[in-house]
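Q: Hey, could you zoom in on one part of this structure for me, and then show me how it fits in with the rest? I'm new to this, so please take it step by step.

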Amino acid sequence: MASLSSKVKQYCANNGVASVDFLKDVLLQDDMVGNVSNPYIKEWNISGLAQPTDEQLNAVDSAADLEERQNAVRATRKNAYGDLGSQLDMQYHDSIDGTTTWKDHVASVKTANPIPTE
């Protein structure tokens, strides 16, 4: 199940709103009840788009969940690639030595961390 913020972003994207500022446009709150998370929309400040109902948010849960999982893989890949300086050094040495160290590294990271499609 996707987080409330992801569902709100997906709902907005589906309705033509490209980005959501969670400090101005939409304020979320979570009043823990008996150690159980209970997030909700506290304020909705997006003019021209009605605040979504629970049913509308549930309808975008699958797409929002997929986006969250894809973003997690992208973050894992970013860490696995290493810093830009190391990558440039690999590319430099590949060009000098006639090797494919950088391409092999990138392919290895991508193979080990496939982006989910469903």
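A: Let's start with Arg 69, which has a relative accessibility of 33% and therefore counts as partly exposed: the buried class stops under 20% and the exposed class begins over 50%. Keep in mind as we go that this is a predicted model.

What does Arg 69 pair up with? Its partner is Asp 65, and the two form a salt bridge in which the closest N and O atoms are 3.1 Å apart. Here's the idea behind that: side chains of opposite charge can pair when their charged atoms come close. Both residues sit in helix α3, four residues apart, or about one turn of the helix. That spacing makes sense, because an α-helix has 3.6 residues a turn, so residues three or four places apart point the same way.

A search of the whole structure turns up two salt bridges. The other one joins Asp 61 to Lys 7, with 4.0 Å between the closest N and O atoms. Asp 61 belongs to helix α3 and Lys 7 to helix α1, so this pair ties together parts that are 54 residues apart in sequence. Are these two residues buried or exposed? Both Asp 61 and Lys 7 are buried.

Now follow Lys 7 into helix α1, which covers residues 4–14. Lys 7 has buried company there, including Leu 4, Val 8, Tyr 11 and Cys 12. And what do the buried residues of α1 pack against? They meet both strands, β1 (26–30) and β2, as well as helices α2 (54–59) and α3 (61–81). Just after α1 ends, Gly 16 takes a positive phi of about 85°.

Leu 4 gives us a way over to strand β2, which runs over residues 39–44 and includes Pro 39. Leaving out residues up to four places away in sequence, Pro 39 touches Leu 4, Gln 29 and Asp 30. Pro 39 has a relative accessible area of 44%, so it is partly exposed. As for Asn 15, its C-alpha atom is separated from that of Pro 39 by 22 Å, and the two are 24 residues apart along the chain.

One more neighbourhood to visit: Asn 113 is in the segment after α5 (101–112). With sequence neighbours up to four places away set aside, Asn 113 touches Val 73, Thr 76 and Arg 77. With a relative accessible area of 19%, Asn 113 counts as buried, because the cut-off is under 20%.

Okay, zoom out. The chain has five helices and two strands, and from the N terminus on they run α-β-β-α-α-α-α. Of the contacts with a separation of 6 or more, 55% are between residues 24 or more positions apart. Of the 118 residues, 27% count as buried. What about the overall shape? The C-alpha trace spans about 60 × 35 × 25 Å along its principal axes. The radius of gyration is 20 Å, whereas a compact globule of 118 residues would have one near 13 Å.

Last stop, the surface and the charges. The chain exposes about 7900 Å², with carbon and sulfur atoms supplying 52% of it. There are 10 positive and 17 negative side chains, and the centres of the two sets lie 3 Å apart.

Note on methods
Residues are numbered from 1 along each chain as its sequence is written. This is a predicted model: local features need pLDDT of at least 70, side-chain atom pairs count only at pLDDT 80 or more; totals for chains, interfaces and linings use all residues. Side-chain values use heavy atoms; hydrogens and water are left out. Buried means under 20% relative accessible area, exposed over 50%, partly exposed in between (1.4 Å probe, protein chains only). Contact means heavy atoms within 4.5 Å. The radius of gyration is taken over C-alpha atoms; the globule rule is 2.2 Å times the number of residues to the power 0.38. Accessible areas come from the Shrake-Rupley method with a 1.4 Å probe; for residues, only the protein chains shown count as cover. Lys and Arg count as positive and Asp and Glu as negative; His and the chain ends are not counted. The place of a charge is taken as NZ of Lys, CZ of Arg, CG of Asp or CD of Glu. A salt bridge is a side-chain nitrogen of Lys or Arg within 4 Å of a carboxyl oxygen of Asp or Glu.
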